[in-house]
Amino acid sequence: MPPLLEIKDLHTEFRTGAGIVRAVDGVSYSVDAGETVAVVGESGSGKSVTALSVLRLIPNPPGEITAGAVIFAGRDLLTLSEPEMREIRGGSIGMVFQEPMTSLNPVLTIGRQITETLEQHRGLNRVEAAKRAEDLLNQVGIAEPARRLKQYPHQLSGGMRQRVMIAIALACDPKLIIADEPTTALDVTIQAQILELMKALTRDRGIALIIITHNLGVVARYADRVNVMYAGRIVESGPAAEIYHDPRHPYTVALLRSVPRLDRPRQARLDPVEGQPPDLTRLGEGCAFLPRCRLGDESCGLARPPLNPVGNPGHSAACFKAAA
Amino acid sequence: MSGPLLTVRGLRMHFPVTEGIVRRRVTGEVKAVDGVDFTVAHGETLGLVGESGCGKTTTGRCILRLERPTEGEIIYDGVDIATLDGKALRAFRQRIQVIFQDPYSSLNPRMKIGEIIAEPLHVHGIEPDSAKRDARVRELLSVCGLNPNFADRYPHEMSGGQRQRVGIARALAMNPEFIVCDEPVSALDVSIQAQVVNLLEDLREKFGLTYLFIAHDLSVVRHLCQRVAVMYLGRIVEMADSDALFDAPLHPYTRALLAAVPVPDPTVEQGRDFQPVKGEVPSPMNPPSGCVFHPRCPMAVERCTRVRPEPREIRPGHIVACDEVR
């Protein structure tokens, strides 16, 4: 069976005052039906831009998808017309963003924002849509849904707003939900509630989930497979257990080593990733991680390493020094 | 050693809530901090943790005298800081400094890095000689792991981690003894956080600093702090040595908070039976009766809805505000 989503050699560029930024520079990955794939990386690694490119939400100018293909359920999303794309967004692909306050419309009631989706995509009438909206709020664990539907976003707490976002994403029975840092703006205990909710809902309905995050703990708890991004490329990819227990790319190794862990005895000192994040306007020919790498040598500066199989099947890393 | 460097006793900070534009009237109050007691010893790092709205930042602002507390005492080195004014207040402000969370908004974008760091020296008239001031700025930059030539750059030319180092250098310029670190690493990328945490540790050793470390990231707090106070809705619910608090948390809220942090290890996570704590943090305008945590607490009994639990020392140095903990 072909994967539900297949991103092939995607390139997205931004024209900025400082030069052309290759925010996504040849990214390929796939997502099977019903699976949870995490995309991990730091700010500027291209993890969000990849997701926005899949949905064709890159503002142009300054941004442009310059090459690649995004095959979703057999169709290349990059070749669809704008009306066809609107059918996909919020239809078969749901979205949950980081800041629920800015992604909800402040002047529309919660109810209207949900019924709008249902009327647009499912052609329900007002009464049917209102009933379904109440149903959805129930499913995402919002008490007194009838009262909440009449409220505005500012009357809800951050956690509650994110539940509403999830309800909207679920409204049209999507096959895939893209969640971009869905819990970063939330407190720890609320973050746990929201993630458990997303996990339960997607598992029960067989919805595939792409979760974009910088939180390595969240990935460990929820992801089946992991893609690690650095400077616009995937540097390591594989099953979650492989990435955490047998990381091969020096960046992944260093990142996992740098975070203090609550389940381990206190270390005398943290072991940070040295150096600064890459300046995307000044990437050279070689490996983007070279200036911060403990294994790299001058040969790494000649060409960017391709993503090659390492370790067990399904695991790959983009590093000349990573042993197969 | 004589007594603690900082003593906070019965601290309350209530902000009025007003309505109306023409005729403003007070319609309620937000009890941001509602009865907080703790001490910080010389050379110690006390962690203050909790979720947004728990009052940890307001507590820090009261200690910096950026707010006038509604009630309570803040004794710094034997003197009640509420009584300070004029010269004494200026002297106090040199001894206690702050590092802010957001390295993007806490540096003036129109000033060069060198000017930003030299400004406190200038304002307090510590180093009137400009050549000496420049030398001091360069020294501070290199102490904080930055190239001294960065003095001629502007904040926008630097990454988040570098800017946070500038913020730290500015705090150090006054040779303070006490620094309030308000979420100093939470805005930074994961790979940079460890660098800044190590820098804070090095500086603490080198200059014998005392920190109040305000944060919500529990793993960083455990790493850096000797003692930790957990706040919930304006109150300290548990306070203990870092090891005791993280290895054997007693208060149900502390336990819920620790359980909610996912560990970066899929094997550990899969073997863990995890139930997130229910409910959300109530509004500090209208906190629950009795114990403020009772609506979310798995251990709550009828009494908890009526009686506010007072902090008790359950073991030496381990304070818990819960009547159900034995």
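Okay, let's start inside chain B, with helix α3, residues 113–123: B:I113, B:G114, B:I116, B:I117 and B:A118 are buried there. Buried has a cut-off here: 20 or more other C-beta atoms lie within 10 Å of the residue's own, while 12 or fewer counts as exposed, in between is partly exposed, and the C-beta atoms are placed from the backbone. The cover over those buried residues of α3(B) includes two helices of chain B, α4 (130–143) and α5 (160–172). After α3(B) comes B:G125, with a positive phi near 60°.

Some housekeeping before I go on. This is a predicted model, where local features need pLDDT of at least 70 and side-chain atom pairs count only at pLDDT 80 or more, while totals for chains, interfaces and linings use all residues. Residues are numbered from 1 along each chain as its sequence is written, and chains are lettered from A and ligands numbered from 1 in the order in which they are written. Helices (H or I, at least four residues) and strands (E, at least two) are DSSP runs, numbered from the N terminus.

Now the sheets. Chain A has an open sheet of four strands in the order β2-β1-β4-β5, paired antiparallel. Its edges are β2 (19–31) and β5 (75–76), each with a single partner strand, so one side of each has no neighbour in the sheet. When I say two strands pair, I mean DSSP finds at least two bridges between them. Strand β1 of chain A, residues 5–16, pairs with β2(A) in the antiparallel sense over ten bridges, and A:T16 sits opposite A:G19 of β2(A).

Over in chain B, there's an open sheet of four strands too, in the order β2-β1-β4-β5 with antiparallel pairing. The edge strands are β2 (25–40) and β5 (79–80) of chain B, and each pairs on one side only. Between β1(B), residues 6–19, and β2(B) there are twelve bridges, and the strands run antiparallel. B:L11 has B:V36 as its bridge partner in β2(B).

Back to chain A for another set of strands. How many of the seven residues of β10(A) are buried? Six of them, so this strand, residues 233–239, is largely enclosed by the rest of the structure. β10(A) has antiparallel partners that include β9(A), residues 225–230, joined to it by six bridges, and β12(A), residues 316–317, paired over two bridges. In the first of those pairings A:M229 stands opposite A:I234, and in the second A:S237 faces A:S316. The β9(A)–β10(A) hairpin has two residues between the strands, and A:A231 there takes a positive phi near 50°.

Next, a helix pair in chain A: α4, residues 110–122, and α5, residues 126–139, pack at about 120° with their axes 9 Å apart. Axes are lines fitted to C-alpha atoms, for helices over the stretch in contact, and angles run from 0 to 180 degrees between N-to-C directions. That angle makes α4(A) oblique to α5(A). On the scale used, under 35 degrees is roughly parallel, over 145 roughly antiparallel, 65 to 115 roughly perpendicular, and the rest oblique.

Finally, where the chains meet: 37 residues of chain A are in contact with 35 residues of chain B. Contact means that the C-beta atoms of two residues, placed from the backbone, lie within 7 Å. Which helix gives the most to the side of chain A that touches chain B? That's α8(A), with seven residues. By class, that side divides into 18 nonpolar, ten polar and nine charged residues. Nonpolar here covers Ala, Val, Leu, Ile, Met, Phe, Trp, Tyr, Cys and Pro; charged is Asp, Glu, Lys and Arg; the others, Gly among them, are polar.

α8(A) packs against α9(B), residues 252–260, at about 55°, with the axes 8 Å apart, and the two are therefore oblique to each other. The contact is made by A:V188, A:T189, A:Q191 and A:A192 of α8(A) with B:A256, B:L257 and B:A260 of α9(B). Those residues split into five nonpolar, two polar and no charged.

One last residue: A:R221, in helix α9 of chain A, residues 216–222. Is A:R221 buried or exposed? Buried, because 24 other C-beta atoms lie within 10 Å. Leaving out residues up to four places away in sequence, A:R221 touches B:P262 and B:E269. From A:R221 to A:K199 is 22 residues in sequence and 10.0 Å in space, C-alpha to C-alpha.
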